Amino acid sequence: MSRLLDKPVRYPNEAYADNQGVGMTSQRTRNRLVERLIFLGVTDEAVLDAIRVTPRHLFIDEALASRAYEDTALPIGYGQTISQPWVVAKMAAWLKATGSIDRVLEIGTGSGYQAAILGLLAKEVYSVERIEPLLIKAKKVIEKLALSQVHIDYADGFWGWPKQAPFDAIISAASPETLPESLIEQLKPGGRLVIPIGGETQKLMGYTRTESGYNEQYLGDVLFVPMLTGLDSRIEKGAL
């Protein structure tokens, strides 16, 4: 799989090429992150390539830019985090393990980083965020990268996005206590949902919709922010 890093980097558009960074935010640093993900067992070349070209430093505060390509979650304000790259890769790879994914729903836009990764893997991505100032910031970065296939809405994650359903895949960046049946209902038959479930102790679970219900698969122990209900329009001082 390391042959991926021997290939010339091909950016998805000019906006990506223009925002690659230097030093600790350079392409070389992103390549080292991809090497780590390969070492940890990520084998999906499309997922690895999406992470290889996506400028994660644009999705976090400038003060944290030097840590952008560490394989760790980082704070983005409002008690939220940008997900660990390995977790993003693991979840995305599981979603597409049975084939291509055309329409994807993301629960919890957050910084917009995962939505950007998904935007390079699917034809259309629909992402919902309940914290309005995070949504505003994420939209700006998504627009900066010219990802017109990524659509973001201000909504409660428990609702999903019924008007755009059904989806081939759904991914959640927040953990409910129990499985929201409303999300399963927005999947196509054969569609996949990957989501952390639980409170203080969480399990990453994969669900595949069937004609009569769904099958489930345990994917490992994780720690995500909780999935909360309701909308939040607060703006922290100096956040925007």
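This report describes the nonpolar cores, the two largest pockets and one buried loop residue of a predicted model.

**Cores and helix H4**

The largest nonpolar core has 56 residues, and those with the most contacts inside it are Ile 51, Phe 59 and Val 194. Helix H4, which spans residues 85–95, gives this core its largest share, 8 residues. Apart from this core lies another, of 20 residues, among them Ala 174, Ile 197, Tyr 207 and Met 227.

When neighbours within four places in sequence are left aside, Ile 51 is in contact with Arg 30, Leu 33, Val 34, Leu 37, Pro 85, Ala 89, Tyr 113 and Ile 117. Of these partners, Pro 85 and Ala 89 are also among the buried residues of H4, a list that further includes Val 87, Val 88, Met 91, Ala 92, Ala 93, Trp 94 and Leu 95. Helix H4 is largely enclosed by the rest of the structure, because 9 of its 11 residues are buried.

**Pockets**

The two largest pockets are set side by side below, with the volume of each, the element that supplies the largest share of its lining, and the division of its lining residues.

| Pocket | Volume | Largest share of lining | Lining residues by class |
|---|---|---|---|
| Largest pocket | About 510 Å³ | S2, 3 residues | 17 nonpolar, 10 polar, 3 charged |
| Second largest pocket | About 160 Å³ | H4, 4 residues | 6 nonpolar, 2 polar, 2 charged |

Of the 30 residues that line the largest pocket, Thr 81, Ala 173, Ala 174, Phe 224 and Val 225 lie nearest its centre. Ala 174 also belongs to the core of 20 residues. At least two lining residues of the largest pocket are supplied by each of strand S2 (80–82), strand S3 (103–107), helix H5 (113–119) and strand S4 (124–129).

The lining of the second largest pocket is made up of Leu 40, Gly 41, Val 42, Thr 43, Asp 44, Trp 86, Lys 90, Ala 93, Trp 94 and Leu 219. Two of these lining residues, Ala 93 and Trp 94, are listed among the buried residues of H4 as well.

**Gln 149**

Gln 149 is found in the loop between helix H6 (132–144) and strand S5 (150–154). With a relative accessible area of 18%, Gln 149 falls under the 20% cut-off and is therefore counted as buried. A polar atom of the side chain of Gln 149 lies 2.8 Å from the backbone oxygen of Gly 119. Leaving aside neighbours within four places in sequence, Gln 149 is in contact with Gly 119, and also with Lys 123, Glu 124 and Val 125.

Conventions
Residues numbered from 1 in each chain as written. Predicted model: local features only at pLDDT ≥ 70, side-chain atom pairs only at ≥ 80, totals over all residues. Heavy atoms only, no water. Core = buried A, V, L, I, M, F, W, Y, C linked by side-chain atoms within 4.5 Å. Buried < 20%, exposed > 50% of the residue type's maximum accessible area, 1.4 Å probe, protein only. Contact = heavy atoms within 4.5 Å. 1 Å grid on protein atoms, 1.4 Å probe; cavity = no way out; pocket = protein on both sides within 12 Å on 5 of 7 lines; lining within 4 Å. Points joined across faces, edges and corners; volume = space filled by probe spheres on them. Nonpolar A, V, L, I, M, F, W, Y, C, P; charged D, E, K, R; others polar. Polar contact = N/O pair within 3.5 Å; in protein donor to acceptor, adjacent residues only side chain to side chain.
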